[in-house]
Amino acid sequence: MNERWSEPSISRRDFLKLARTAFLTAGGLLGLAGLWRFFSFQAEPSAPTDFDLGPATAFAPGSRTVLAQVPAILLNTDKDFVALSLICPHLGCTVESKSDGFACPCHGSRFDLQGRLVRGPAARSLTPLRVETSTDGHLHVYTS
Amino acid sequence: MRRLIVIASALLFFTLLFIAFWVSRRPKPVALIPSLTGQVEYCLTCHVDLAEISPSHPVKTFGCVICHGGERLALDANLAHSSMRGGKNPADFSVVQASCGGDNCHSGSAVTFHDEIQRSTTSIQDTYAGAIALIRFTFGDQPDLLARLATRAIEDPQSTSGITSLGLFVPSQAASPSVRLFGQNCLICHLSAQPYEESQYFRFTGCAACHTPTQPPEINGPSVGDPAKIHKLTTAMPYTQCDTCHNRGNYDLRTMTFQPRPDNPTDRLHHYYQPISEFTKCEYTLDCVDCHTRTEAMGDGSLYSSKFDVEYTQCRTCHGTLTDLPPTRTLTDPNDLAFRMATLNPVVDLKLGDTILVTAKGEPIWNSRLLPDGTYQMVGKVTGQTFTFRPVKGTGCKQDPSNQTAASCHQCHSVQR
């Protein structure tokens, strides 16, 4: 029985042309994806220095509010708002608020309720932070 | 020509595909900006599950690089680890100044108790000057027991002991064959020496030799896992850690060889120290660090000829004598070292006004307390167990006032072994 090969539906030339186009297109897309990835790289964002705490009226007179996101504590004294950084001036651990002041869980430094140094190894008191009220009545704490 | 273009475009495609695959398999960087350095580091990309090394060194504050070194921005393990200090142990004394030093860390002022590096690198546990002097004297290589040589040459102009420098001990230059053998076989105990490979002896070097517990805290206690991978620092060192050097066996001075312990202890009393020793109950129920102070272990910053120049804790330190109560101090200064020590190992809640025992040199035994009824309380730094005891004064003790060594007390108070 004579058997004949059927004619291909695409010529060899067209197949090579198609393959070339496909490879170049896919390669180009991959290259573009790489370029997009390269140029869209973002370095780690620097830590924020301005914290909007919301309306000043939300903090009752005499209140002591821990601001974990700063970290700091906001004191509403009779006269003014005072913010103290909760970063220990010894090595930078976050101090904890206690009934009689603040304690560093890392090395045991102690501070009184006003943030004044009671015992080391820290060599100075907790750092006061700038507090301002914006025109819309929001409190802002600045870490620098 | 067309065929070549197709082959080239295929090669280009597959190369780019391989690069995309390789990039996709890389871990997603996990950034950490420690509050102490403020510099981003990517170590947690691979080490995110690593346990905190201690409450005093939280990774959020310290990060990894300030202690370990390494390439903080690298994501390739080999590159990231290429410049680490001391390999896996940044507390090795060859790199400890860079790893653990600093005025606010461990190489600051003695006044603020930040001088641990100065103390430990001049301590007799690192210089080994006492053992070297003793062996050289015994075998005629020096005329007396004064230390002259150490495991490394060291200058210490501030030393108050009269010894301000030690030369390097080079065993091959020793006149006596026994001293040469000593150098060959016996220099494995000091803090900078690599330990025996057997697991019961394994410890790190430098500060980590003591402060990184590589042994279970009790005989037959739960395993600590692969000791070489332990990531922990503590001031609550169990006796088993001290035993990696102090209780492994003896050295045969005739052959200058190490003879491992022949016994196979199964309980704390028999495991605690050399099989030949006598103990009172407190000596084996407490851990070594419950009584022996940081100055005894780390030294006081001066160079010495013998461990007996720096070891001074005796029975009477806690129990007093027939005529004197043990020395105490009422805590009135919030900056007293006792508070610092109690913070690092909070087994007791010390308060101003508490009266604690102190050593003859005034070092606080901060885990002790004078109770209102005149007895004393001590809390185990490792076990947390509370022990109450009486002073000798006012008892029927028949001690010889002129003999206050442990051996004297053992005559009546030792436990049958």
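Begin with both chains shown together: in this predicted model, chain A and chain B bury about 2,500 Å² between them, and carbon and sulfur atoms give 66% of that area. Within chain A, select F23(A), L91(A) and R119(A), which supply 24% of the area that chain A buries against chain B, more than any other three residues. If you then select the whole contact, you should have 26 residues from chain A and 33 residues from chain B.

**The interface from the side of chain A**

Keep the contact selected and turn to its polar part. Between chain A and chain B there are six residue pairs in polar contact, counted where both residues have pLDDT 80 or more, whereas the rule for salt bridges finds zero across this interface. Next, colour chain A by secondary structure, and look for α1 (12-39) and β8 (117-119), each of which supplies at least two residues of the side that touches chain B. Of these elements, select α1(A), since the largest share of that side, twelve residues, comes from this helix. Colouring the side of chain A that touches chain B by residue class gives 13 nonpolar, seven polar and six charged residues.

**Helix α18 of chain B**

Now select residues 337-344 of chain B, which form helix α18; six of its eight residues are buried, so the helix is largely enclosed by the rest of the structure. Those buried residues are L337(B), A338(B), F339(B), R340(B), M341(B) and A342(B). What do they pack against? Within chain B their neighbours are α16 (294-298), β7 (355-358) and β8 (364-365), and from the other chain β8 of chain A joins them. At the start of α18(B), add D336(B) to the selection, where a side-chain oxygen of this residue reaches to within 2.9 Å of the backbone nitrogen of A338(B).

**The sheet that contains β8 of chain A**

Follow β8 back into chain A, where an open sheet of four strands has the order β5-β6-β7-β8, with antiparallel pairing. Its edges are β5 (96-98) and β8, and each has a single partner strand, so one side of each is left without a neighbour in the sheet. Select β5(A) together with β6 (residues 101-103) of chain A to see three bridges in the antiparallel sense, and note that E96(A) stands opposite A103(A) in β6(A).

**Strand β4 of chain A and its partners**

Move to residues 81-85 of chain A, which make up strand β4, a mostly covered strand in which four of the five residues are buried. Strand β3 (residues 72-76) of chain A runs antiparallel to β4(A) and is joined to it by five bridges, and the two strands form a hairpin with four residues between them. Which residue of β4(A) is the bridge partner of I73(A)? Select L84(A), which is that partner and which also stands opposite P128(A) in β9(A). Strand β9 (residues 128-133) of chain A is itself antiparallel to β4(A), with two bridges between them.

**A three-stranded sheet in chain B**

For the last stop, return to chain B, where an open sheet of three strands has the order β1-β3-β2 and mixed pairing. Strands β1 (149-150) and β2 (154-155) of chain B stand at the edges with a single partner strand each, so one side of each is left without a neighbour in the sheet. Select β2(B) with β3 (residues 165-168) of chain B, an antiparallel pair joined by two bridges, in which I154(B) has L166(B) as its bridge partner.

Conventions: Residues are numbered from 1 along each chain as its sequence is written. Chains are lettered from A and ligands numbered from 1 in the order in which they are written. This is a predicted model: local features need pLDDT of at least 70, side-chain atom pairs count only at pLDDT 80 or more; totals for chains, interfaces and linings use all residues. Side-chain values use heavy atoms; hydrogens and water are left out. Contact means heavy atoms within 4.5 Å. Buried area is the accessible area (1.4 Å probe) that two parts lose on being put together, summed over both. A salt bridge is a side-chain nitrogen of Lys or Arg within 4 Å of a carboxyl oxygen of Asp or Glu. A polar contact is a pair of N or O atoms within 3.5 Å; within protein, one must be able to donate a hydrogen and the other to accept it, and residues adjacent in sequence count only if both atoms are side-chain atoms. Ala, Val, Leu, Ile, Met, Phe, Trp, Tyr, Cys and Pro count as nonpolar, Asp, Glu, Lys and Arg as charged, and the others, Gly among them, as polar. Buried means under 20% relative accessible area, exposed over 50%, partly exposed in between (1.4 Å probe, protein chains only). Two strands pair if DSSP finds at least two bridges between them.
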